[in-house]
Every structure is written in structure tokens, then in C-alpha cells.
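Q: Please take a close look at the aromatic pairs in this structure. I should like to see how they sit within the chain as a whole.

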Amino acid sequence: MKLVVAVICLIGAFDLVSTQATIDFSSEIGSQDVRNAIIGLKVPNESGGSKVKYSISNIKITNFDADQATLSNPSQTNYNLKLGGIHLSATADIHVYKDTTIKFFFYKKTVRVNARAKAYVTFGNVHINQGAKVTIGGQGITATPTTCSASIGTAYVKLKGSDALGKIISPIFNLIKGFFKNKIRDAFQKQICPKIRGPLNEYMKKLDVNSLLG
């Protein structure tokens, strides 16, 4: 990240035409704080169904990594930082059940057939763009985040389960996958920027910009 700020300041000082600067974000001090802010994010449980009922619970992010950060299109003291090579995954607990009535002459009993599974979700085409501004004031040179955008393209879902999983869950498997590709994906997407803003802001405040300019 220090390389990024140095490039920005030099561009502003000498009014040069901007190019792109890429750094290994995964090895930068402060990247772990961004990672910790995203891992553990949760969204509300989902449930429904008619004859076959289901519930999706304990939905949370279990892994986040960004391999690199690319600086592009700086304008004087403003720049955009794009996190690339993002690995984002989540898990959830799936419970599917169906009540079946058994009849034998005058005997009648309703039994419940259960299936439980663990969903392992890998999100693809993840993009995070963070804007920032370098300002000079009484406290010296500081860099603070401005606008932020995050997008998640799609979700790949794998289920590992037990009991009568195949017979019960297969009719609604596409419905469950649809939740991860749409509603659950969107819910996680909305949480990313608010969560990373704090860690990035604290990291930028601690940058030794003066020594970089020296």
C-alpha cells in the first residue's frame, strides 16, 4: 500500500500522466485486518417449502483473500484501488424434511423423513473497488477512503450430507442454489464495503507518507 500512496503523491506533485501500479496486497501490512473484517460475515436464515420443507441456517463467510491491488486513473489527490484475485467462500447448514403418512388397515401414522447437508459455496467474479483521497493539513499528509463498490458475480454450490439426502433434497436443490446465487449473494455483497472501510481507514492513517516523499 505504501507504493500506492507514493505513486499518487508523485503524480500529483509532477502532474504526470497516470498509468497503473500493482502491488502484492496479500503481503501488505493491514491486509489481514481487511480479511478479518469480512470472514465471519453472516446473513439471515432462509426457510420455506410446501410438501418438502427446507431451512438454510448458519450462513457465513469462511474465507477471503485478495492477491493483489491495482491503482488506476488517479486524479490529483484522488485514486481508485481495485482488489483483484479475490477468493471468497462460505458455508451453510441445510435441513430438508418431509412428513409421510403410513397407512395399514386401521393403523395410521405420520413420520418425518429428514435430510441434512453442509453447503460449501465458492463465489466467483468478485470485485472490490475502493476510492481514497490524499489530503495535506495541519496534521500532515493523510489518506482516507471515499467511495466503495463491491460485486459478486455468481456462486458455485456443493452439498455434502447424510440420511435420505438424495431422495429428499434433489427436488429442491435448484431452489437452494438459487438462494446462494441471488438473495444470499446480494446480502453478502452489501456488507463488504461497510466492513472494510474501517480497517482500510485505520491502515491509511498510519502510513508514513512523509518518508515516502523524502
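A: **Aromatic pairs and their surroundings**

In this predicted model, the count of aromatic pairs comes to 2. A pair of aromatic rings is described by two quantities, the distance of the centres and the angle of the planes. In the pair formed by Tyr54 and Phe179, the rings are 5.9 Å apart from centre to centre, with 50 degrees between the planes, and the arrangement is tilted. Because Tyr54 belongs to strand E3 (residues 52-75) and Phe179 to helix H4, this pair ties together parts that are 125 residues apart in sequence. Tyr54 is buried, at 7% relative accessibility. Phe179 is buried as well, and its relative accessible area is 15%.

The other pair consists of Phe123 and Phe188: the ring centres are 6.0 Å apart and the planes stand at 75 degrees, so the pair is edge-to-face. The cut-off behind that label is an angle of over 60 degrees between the planes. This pair, too, links distant parts of the chain, with Phe123 in strand E5 (residues 107-137) and Phe188 in helix H5 (residues 183-205), 65 residues apart. Phe123 has a relative accessibility of 3% and counts as buried. For Phe188 the relative accessible area is 1%, and this residue is likewise buried.

Helix H4 deserves a further word, as Phe179 lies there. The helix spans residues 173-181, and its residues Ile176, Phe179 and Phe180 are buried. These three cover an arc of only 95 degrees around the axis, which puts them on the same side of H4. The general reason is that an α-helix has 3.6 residues a turn, so residues three or four places apart point the same way.

A similar description can be given for helix H2, where Ser31, Val34, Ala37 and Ile38 are buried. Seen down the axis of H2, these buried residues fall within an arc of 120 degrees, so they line one face of the helix. After H2 comes Gly40, which has a positive phi, near 100 degrees.

Helix H5, which contributes Phe188 to the edge-to-face pair, also takes part in a covalent link. The structure holds 1 disulfide, and this bond joins Cys148 to Cys193 with an S to S distance of 2.1 Å. The angle about the S-S bond is -75 degrees, and the link is left-handed. Cys148 lies in strand E6 (residues 140-163) and Cys193 in helix H5, so that the disulfide connects distant parts of the chain, 45 residues apart. The two cysteines are not equally covered: Cys148 is partly exposed, with a relative accessible area of 26%, whereas Cys193 is buried, at 14%.

One further aromatic ring has a charged partner. Lys160 lies over the face of Tyr120, at 5.7 Å from the ring centre.

Strand E3, the strand of Tyr54, also contains Asn63. Asn63 is partly exposed, with a relative accessible area of 22%. Leaving aside residues up to four places away in sequence, Asn63 touches Arg35, Ile39, His87, Leu88 and Ser89. Asn63 and Thr122 are 59 residues apart in sequence, and their C-alpha atoms are 9.4 Å apart in space.

The chain as a whole provides the setting for these links. There are 6 helices and 6 strands, and along the sequence they follow the pattern α-β-α-β-β-β-β-β-α-α-α-α. Of the 214 residues, 39% count as buried. Among contacts between residues at least 6 apart in sequence, 70% join residues at least 24 apart.

Confidence should be read alongside these details. The mean pLDDT of the chain is 77, and 71% of the residues reach 70 or more. Helix H2 (residues 31-38) has the highest confidence, at 90, and helix H6 (residues 209-213) the lowest, at a mean of 38. Over residues 1-18, pLDDT stays under 50, and the model has 37 contacts beyond four places in sequence for this stretch. Over residues 207-214, pLDDT also stays under 50, with 11 contacts beyond four places in sequence.

To return to the request, the tilted pair of Tyr54 and Phe179 ties strand E3 to helix H4, and the edge-to-face pair of Phe123 and Phe188 links strand E5 to helix H5.

Methods: Residues numbered from 1 in each chain as written. Predicted model: local features only at pLDDT ≥ 70, side-chain atom pairs only at ≥ 80, totals over all residues. Heavy atoms only, no water. Buried < 20%, exposed > 50% of the residue type's maximum accessible area, 1.4 Å probe, protein only. Helix = DSSP H or I, 4+ residues; strand = E, 2+ residues; numbered from the N terminus. Arc of directions from axis to C-beta. pLDDT = per-residue confidence, 0-100. Contact = heavy atoms within 4.5 Å. Phe/Tyr/Trp six-rings, centres within 6.5 Å; stacked < 30°, edge-to-face > 60°. Lys NZ or Arg CZ within 6 Å of the ring centre and 35° of its normal. Disulfide = S-S within 2.5 Å.
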